[in-house]
Amino acid sequence: MKSPHNQFGTRSYDRLSGVYQLLETIVFGPWLQKTRLAHIDRLQDAKTVLILGEGDGRFLKELLKLNPDCQVDCLDKSSAMLATTQERLKKKNIVTPNINFIHADALSYDYPVKSYDAIVTLFFLDNFKSSQLEELIPKLMHSLKHEGKWLVADFQQPQKGIMKYIGSALLWVMYRFFRWQTDISAKSLANPQPFLAKQLTVVVSKHYFASLLYSELWYRNDSAKYASTQARVSG
Ligand SMILES: C[S@@+](CC[C@H](N)C(=O)[O-])C[C@H]1O[C@@H](n2cnc3c(N)ncnc32)[C@H](O)[C@@H]1O
């Protein structure tokens, strides 16, 4: 019988890789994908990109359409998710000499210093407890180039109206489900923003699904002013 555990001694997301898109569509329709792609155009010129927890490859496929020459490090702890991503690209005849697929745990990986023009974390930081984010985010910050940007999309707790209660209930169910099916250690949603805000500033932000979902682009504090002017110019 096949062990439910991977080489890291945990279950990771392997068993969800084949049904991940279906589950997402049943619960959120097109809104997660809209959130992922909300600011993808800002990566058009990025030469080196680190994608953490890419999942099943839907973001990477769009990134390569937009910016076929970018060099991507695509890191995920789930070998099945990495295989699903590779399969998706293969089906679309997208050749991947510039993609480095890395099967690793983001928490213990040794990141190259000042290497990336962009870091991408889409529905990834929500896997971690606040204490883990406090260690992981500064570590990643060292691998971001000085003028680098960080694209984040994730869940947040809506603060107003009926969605405050619906959002809480949905998040409660999702955490129970993912803790049952995978090895995530987070029991509830931690906020990555205070850790990102130590070195970065948000320049563009969009909210979806009555504010349960957000997408933000963060820049280094000293280059954020320029980037936010550019954001206004480009609408
Ligand atoms: C909720 S899925 C998000 C996938 C995708 N980014 C998306 O937008 O839907 C979380 C992804 O992060 C990966 N992941 C979770 N914990 C990880 C870790 N410690 N190191 C590396 N990848 C991890 C999972 O394998 C999975 O592919």
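**Close-up views of a predicted model**

**View 1. Asp117 sits in strand 4 (residues 116–122).** Strands here are DSSP runs (E, at least two residues), numbered from the N terminus. This is a predicted model, where local features need pLDDT of at least 70, side-chain atom pairs count only at pLDDT 80 or more, and totals for chains, interfaces and linings use all residues. Residues are numbered from 1 along each chain as its sequence is written, and side-chain values use heavy atoms, without hydrogens or water. Asp117 is buried (under 20% relative accessible area, 1.4 Å probe, protein chains only), with a value of 17%. Leaving aside neighbours within four places in sequence, Asp117 is in contact with residues including Ala46, Thr48 and Lys145; contact means heavy atoms within 4.5 Å. The side chains of Asp117 and Lys145 also approach to 3.1 Å in a polar contact (N or O atoms within 3.5 Å, where within protein one must be able to donate a hydrogen and the other to accept it, and residues adjacent in sequence count only if both atoms are side-chain atoms).

**View 2. Polar atoms of Arg36, Gly55 and Asp105 meet the ligand.** Look first at Arg36, with a side-chain N or O atom 2.6 Å from a ligand oxygen. A polar backbone atom of Gly55 is 3.5 Å from an oxygen of the ligand, while Asp105 places a polar side-chain atom 2.9 Å from a ligand nitrogen. Taken alone, the ligand exposes 590 Å², and the protein buries 96% of that (Shrake-Rupley method, 1.4 Å probe; for residues, only the protein chains shown count as cover).

Key: Helix = DSSP H or I, 4+ residues; strand = E, 2+ residues; numbered from the N terminus. Buried < 20%, exposed > 50% of the residue type's maximum accessible area, 1.4 Å probe, protein only.
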